[in-house]
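User: I'm new to reading protein models and would like a close look at a single part of this one. Could you walk me through the sheet, strand by strand, and show me what sits around it?

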Amino acid sequence: VSALARFFRLSISGGHDLITIADELRHAENYLIIQSIRYKDRFDYVFDADETALKCKTVKIVLQPILENAIHHGIEKSVDHGHIRIEVRDHGDQILMRVSDNGLGIPPEVLAKIFEINPSRSSGIGVKNVHQRIQLYFGKQYGLEIKSELEVGTTVDVWLPKTMGGDAE
């Protein structure tokens with residue numbers, strides 16, 4: 001119940017569109033706590049973040065849709081115990097947030113079309129939305145890159161500029 005309350009509180013973020021990466025990671029962890037209870041510990045997770053990146057800004061609710069896909073499409077249907085790794089790396093003038101899982105992977109034909117706008121498809125909307133919001137705020141050179149191998153897992157890289165200021169104008 002506490003994780004759920006924190007999850008919703010961080011979702012609102014005082015009406016701000018940009019939050020610190022530290023807050024985004026707390027939001028992601030609250031989501032994972034809720035899901036690990038729901039899925040009866042079918043997966044574990046680990047966070048590994050460069051301290052220098054934690055005060056940088058990101059568009060809020062970036063990691064949750066990626067984690068939701070990792071659990072729902074990758075781990076839930078797998079017979080193996082799931083592992084999710086969330087990393088944040090300082091790359092000079094850019095920040096990399098990476099979510100990796102050992103789930104089922106994404107078929108190549110689905111992966112090739114994941115960012116296409118298709119109103120008849122309901123899957124992938126969250127990931128497309130995250131990609132579009134990042135590019136809207138920070139530019140076309142930022143956003144998501146997805147790599148996946150069937151029966152091995154998926155890695156989603158989220159590239160952001162190293163931004164320390166307030167909300168984008």
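Analyst: Let's start at a turn. E4 and E5 form a hairpin with two residues between them, and Gly-92 in that turn has a positive phi of about 75 degrees. Please keep in mind from here on that this is a predicted model.

Now follow the two arms of the hairpin. Strand E4 covers residues 82-91, and eight bridges join E4 to E5 in an antiparallel arrangement. If you would like one pair to find on screen, look for Arg-85, which stands opposite Ser-100 in E5. In general, strands of a sheet pair through backbone hydrogen bonds, either parallel or antiparallel.

How many residues of strand E5 are buried? Six of the eight residues in E5 (94-101) are, so the strand is mostly covered; buried here means under 20% relative accessible area. E5 also has a partner in E7 (residues 153-161): eight bridges join these two strands, and they run antiparallel. Met-97 is a good place to see this, with Val-158 as its bridge partner in E7.

From E7 you can step on to E6. These two strands pair in the antiparallel sense over seven bridges. One bridge brings together Ser-148 and its partner in E7, Thr-154. The loop between E6 and E7 holds Glu-151. Glu-151 has a phi near 65 degrees, a positive value in a residue other than glycine. As a rule, most residues other than glycine have a negative phi, and most peptide bonds are trans. Glu-151 has a relative accessible area of 65%, so it counts as exposed.

Now put the strands side by side. The open sheet has five strands in the order E2-E4-E5-E7-E6, and its pairing is mixed. Strand E2 (43-49) and strand E6 (143-149) are the edge strands, each pairing on one side only. On average, neighbouring strands of this sheet are turned by 10 degrees against each other, direction ignored.

Which helices touch these strands? Helix H2 (residues 21-38) packs on the sheet and touches E2, E4, E5 and E7. The direction of H2 makes about 170 degrees with that of E2. Helix H3 (residues 63-75) lies across E2, E4, E5, E6 and E7, running at about 150 degrees to E4.

Just before moving on, look at the loop between strand E3 (57-59) and H3, where you will find Ile-61. Ile-61 has a positive phi too, near 55 degrees, and is a residue other than glycine. With 25% relative accessibility, Ile-61 counts as partly exposed.

Helix H5 (residues 125-138) offers another residue to explore, Val-127. Is Val-127 buried or exposed? Its relative accessible area is 5%, so Val-127 is buried. Leaving aside neighbours within four places in sequence, Val-127 is in contact with Pro-65, Asn-69, Phe-115, Leu-144 and Ile-146. Phe-115 is twelve residues away from Val-127 along the chain, and their C-alpha atoms are separated by 7.9 Å.

Let's return to the edge strand E2 (43-49) and look at some rings. A pair of aromatic rings is described by the distance of the centres and the angle of the planes. The model has three aromatic pairs when ring centres must lie within 6.5 Å. Phe-43 and Tyr-45 make a tilted pair, 6.5 Å centre to centre, with 45 degrees between the planes. Tyr-45 also pairs with Phe-47: the ring centres are 6.0 Å apart and the planes stand at 85 degrees, so this pair is edge-to-face. Together, ring pairs link Phe-43, Tyr-45 and Phe-47 into a cluster.

The cover over these rings varies. Phe-43 is buried, with a relative accessible area of 4%. Tyr-45 is partly exposed at 25%, and Phe-47 is partly exposed at 27%.

Finally, here is the chain around this part. Its secondary structure comes to five helices and seven strands, running α-β-α-β-β-α-β-β-α-α-β-β from the N terminus on. Of its 169 residues, 44% count as buried. Among contacts with a separation of 6 or more, 71% involve residues 24 or more positions apart. The chain exposes about 9,000 Å², and carbon and sulfur atoms supply 55% of that area.

Conventions
Residues are numbered from 1 along each chain as its sequence is written. This is a predicted model: local features need pLDDT of at least 70, side-chain atom pairs count only at pLDDT 80 or more; totals for chains, interfaces and linings use all residues. Side-chain values use heavy atoms; hydrogens and water are left out. Rings of Phe, Tyr and Trp (its six-membered ring) pair if their centres lie within 6.5 Å; planes under 30 degrees apart count as stacked, over 60 as edge-to-face and the rest as tilted. Buried means under 20% relative accessible area, exposed over 50%, partly exposed in between (1.4 Å probe, protein chains only). Helices (H or I, at least four residues) and strands (E, at least two) are DSSP runs, numbered from the N terminus. Contact means heavy atoms within 4.5 Å. Accessible areas come from the Shrake-Rupley method with a 1.4 Å probe; for residues, only the protein chains shown count as cover. Two strands pair if DSSP finds at least two bridges between them. Axes are lines fitted to C-alpha atoms, for helices over the stretch in contact, and angles run from 0 to 180 degrees between N-to-C directions.
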